[in-house]
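Hi,

Here is the structure I promised to pass on. Have a look at it first, and my notes follow underneath.

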Amino acid sequence: MSTPAAVAILIRAHWRRDRWLLFAWITGGCFLYFSQAKSVEAMYPTAEDLEQAAVAMSSNQAMLAMTGPARALDTIGGQVAWQSAAYGAVVAGLMSMLIVGRHTRMEEETGRAELIRAGAIDRLAPLASAVGLAMLANVVLGSVVGGGLIAYGLPAAGSMTLGASLTLVGWVFTGVAAVAAQLSVGTRTAYAITSVAIGASFFVRGLGDAGPAAVSWFSPIGWGQATRPFADERWWPLALSAAATGGLLTIAVWLHGRRDYGTGLWTLTARRTPDTDIGAWALAWKLHRGTIIGWSLGLLISGLGYGALADSADDVLGDSDFTADLFAGTTLVDGFLSTAVLMLALLAAAAATVSALRPDGEESAGRVEHLLAGPLHRSRWALQHTVVTVLGTVTVLLSAGIGTGIAHAAVTTDADAVWPPVAAALSYLPAVLVVTAVIRLAHGLGWASAVVGWTALAWCSFVGLFGDLMALPSSVTMLSPFEHVARMPADQFAVVPWVALCGVALCVSVAGQALLAHRDLR
Amino acid sequence: MQPVVTIESLVKCYGSFRALDGLDLELREGEVHGFLGPNGAGKSTTIRVLLGLLRADSGTVRLLDGDPWRDASRLHRRLAYVPGDVNLWPNLTGLEAINLIAGLRGRIDRKRRDDLIARFELDPAKKGRAYSKGNRQKVALVAALCGDVDLLMLDEPTSGLDPLMEATFQSCVEDATARGVSVLLSSHILDEVERLCDRVSIVRAGRTVETGTLEDLRHLTRTTVIAETRRPATHIATLPGTHRVEVAGQRVSLDVDAPHLGVTIEALGRLGIVSLTSHPPTLEDLFLRHYGNDDVAVAA
């Protein structure tokens, strides 16, 4: 069979498996852009309002670090590009990472790829089809964003540039994911490599946008923003992204040709293992530790970044009405820290979700039978995972808080400044635990707990980050446990909701545990 | 003597599909019981009910001295299980997996474990993801066989093993039965069942269709007779209890129901036997007779 024909067949098969996943990612990505257009228009009804805000925003380094270089902020298009492009790039990157990882390394790890590779197809066809689908998905994402913004009424050139830069950034991360899939034997490791690359790109462009602008040129996300949508567009930075994509894909193909099926560049070396007893507790820890350690480090570094920027929020902005609105805090620094800690807590909730989904994964993979065919009671097994998840959640939140606090204290040279972010991070613990408890409940009911968990987290993130801007009714936002936690350090710690959320998490968790004990295992 | 496993009229439904539809099984102490049936007959479902992973919809199930659902963790100290499709933790070595699975049941007999690792020629230092199917199977077998248990539940335990390892497995099971272990062996390898099993149960579509010792089953069924007679055995097909009669000149071959064997041989004798061979049905014959599309009932 000719290679293009084989790739076309494989892409169709991937599409069949991924259509809902793709739909969700692309819809979510588009929503990010449209919600900004809508909220900017709602917040600044007159040109004067917008101009005033633009002056304030463009000199706030903290905001620049979190979004992008300030260009044409007195236009709606400029605002949309500024506030959405960096996060849109992360969405495109994660989507590309999942598509490539699912259809390359995961297929090899599970052995399914053997069936495909045994067919009369070129060795590269599976890689090509995974990369092809990811690139197509990015084209669709960019087109819908660009076309949608034109339909919304924004200038065509800017909308197209914004859409195209989104597509191209997605392509670069597709290339990164394709290389990562060649390096490790495990899918999770490949995801971790790509995630770190996406995170580093975001961080580097943040440094550049808040400090020396040249630094942003070391980040693919920076290249996307360098196209200046709605602000005297230029197309040539897209060539950089295209070249990087080509380079990365060439490396991926070269690595693919140099390795055996099922192996990575880092091969496993057989070594003597110590003959020690390993119990169910040790297993639970072994299964979770990668998630916990990796996310703790990631959030520690992110926290250091936010903490380092917090103090500048005050210097630059003074006390304009707009910023008081934006951060809704007593002081700007505290307001900034509150928002930063909320974002970190939502990321910690993602880590907790991964961890809470472990028991379901173990059951689906058929590995739990070995344990439950022994004298381990299934409630005890589930409880072990829960304890590790809870401790892991505390660790991840603590790392985020400590990172933020240490950097903040270092910048302000005030040792006591360490503690407010730490306390703020820990104050989100029960909210995160409610999310994990909902996952346990879904697992106990035998539902697709991954879908339930990620949907719940997506909802909490949406409400937490956009709820105020979108002016959602409180009956809707209050479904998110994160909305019941006081926004420390801007607000005072509130004991009652904290204890109440702990109670909710405990009750839901216990219900999940009880249901699990009474259902058939898969 | 109290049976190790007693199952009566067990029913397990998945929605409207009755995976088990009144299944009966009795495993006596110290015996190796073969559990035969085509794919989808309900063998694995039965074993998973016995393991307390699935809950019976109706019927009685008794495992050792308790209820497999309610007393799962207490009973599991006394049994070991090998699934037909072993999944291991990708980042645990074979040795770690063995220590984990066996260690949950109690102290590990390291000498017996290392002896089994040697007999199965398993490299225990590899990570779970690096093992082939056969090697994953060996990990589960070593973990199950190295413990001091009263009951082994083996669900197609040798799928993926080579014939040499198959023989090793058989001798390991014989060692276990010599220690007094009862074994429930679900298998498609009929040689293995014939060599190891004292009794067998054949299931089909969630029901037990036959149970007993191999001899019992053979007595209940037909014997194949091939004879050469001086005068052609043209009328032999009119005798009761004869099946698949083929006469070619002086040669005749036929299947005879056990109760009619004597009469048939006498009739052949009157025709003047030149040569005579007869053999009892192989397990394969029994098996195919139950699963084949010909619904000729087994003579009772």
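B:Leu151 has B:Ser182 as its bridge partner in β7(B). That pair belongs to the match between strand β6 (residues 151-155) of chain B and β7(B), which lie parallel and share five bridges. Keep in mind while you look around that this is a predicted model.

β7(B) has a second partner too: strand β3 (residues 32-36) of chain B runs parallel to β7(B) and is joined to it by four bridges. Here B:His33 is matched with B:Leu184 of β7(B).

So how many of the residues of strand β7 (residues 182-186) of chain B are buried? Five of the five are, so the strand is largely enclosed by the rest of the structure. If you follow the side chains, B:Ser182, B:Leu184 and B:Ser186 point one way from β7(B), while B:Val183 and B:Leu185 point the other way, and all are buried.

Now zoom out to the sheet. Six strands of chain B make an open sheet with mixed pairing, and the order is β5-β6-β7-β3-β8-β9. The edges are β5 (79-82) and β9 (207-213) of chain B; each has a single partner strand, so one side of each has no neighbour in the sheet. From one strand to the next, the twist averages 15 degrees. At the β5 end, β5(B) pairs with β6(B) in the parallel sense over four bridges, and B:Val82 has B:Leu154 of β6(B) as its bridge partner.

Two helices to look for here pack on this sheet. Helix α1 (residues 43-50) of chain B touches β3, β6, β7 and β8 (199-204) of chain B, and its direction makes about 145 degrees with that of β6(B). Helix α6 (residues 163-178) of chain B touches β3, β6 and β7 of chain B, with its direction at about 150 degrees to that of β7(B).

There is another sheet to find in chain B. This one is open and has three strands in the order β2-β1-β4 (chain B), paired antiparallel. Its edge strands are β2 (17-27) and β4 (58-63) of chain B, each pairing on one side only. Neighbouring strands in this sheet are turned by 25 degrees against each other on average, direction ignored. Strand β1 (residues 5-14) of chain B is joined to β4(B) by five bridges, the two running antiparallel, and B:Val11 sits opposite B:Ser58 in β4(B).

A few overall numbers for chain B, in case they help. The chain holds 10 helices and 13 strands, and its C-alpha trace spans about 75 × 40 × 35 Å along the principal axes. Of its 300 residues, 43% count as buried. Among the contacts in chain B with a separation of 6 or more, 69% are between residues 24 or more positions apart.

On to chain A, where I looked at two helix pairs. In the first, helix α17 (residues 378-412) and helix α18 (residues 419-427) of chain A pack at an angle of about 160 degrees, their axes 7 Å apart. That angle makes α17(A) roughly antiparallel to α18(A), and the crossing is right-handed. The residues that meet include A:Leu397, A:Ile402 and A:His408 from α17(A), and A:Trp419, A:Val422 and A:Leu426 from α18(A). By type, the residues of this contact are 10 nonpolar, four polar and no charged.

In the second pair, the axes of helix α19 (residues 429-445) and helix α22 (residues 495-517) of chain A come within 7 Å and cross at roughly 15 degrees. Are these two parallel or antiparallel? That angle makes α19(A) roughly parallel to α22(A), and α19(A) passes α22(A) in a left-handed crossing. Among the residues that meet are A:Leu433, A:Arg440 and A:His443 in α19(A), and A:Trp498, A:Cys502 and A:Gln513 in α22(A). The contact divides into 17 nonpolar, five polar and one charged.

Last, the place where the chains touch. Chain A puts 29 residues into the contact and chain B puts in 31 residues. On the chain A side, α12 (280-317) and α16 (368-372) each supply at least two residues, and the largest share, four residues, comes from α16(A). That side of chain A divides into 13 nonpolar, seven polar and nine charged residues.

Cheers

Terms used. Residues numbered from 1 in each chain as written. Chains lettered and ligands numbered in written order. Predicted model: local features only at pLDDT ≥ 70, side-chain atom pairs only at ≥ 80, totals over all residues. Contact = placed C-beta atoms within 7 Å. Nonpolar A, V, L, I, M, F, W, Y, C, P; charged D, E, K, R; others polar. Axes fitted to C-alpha atoms, helices over the stretch in contact; angles between N-to-C directions. Parallel < 35°, antiparallel > 145°, perpendicular 65-115°, else oblique. Left-handed = near helix turned anticlockwise from the far one by under 90°. Buried ≥ 20, exposed ≤ 12 C-beta atoms within 10 Å, placed from the backbone. Pairing = 2+ DSSP bridges.
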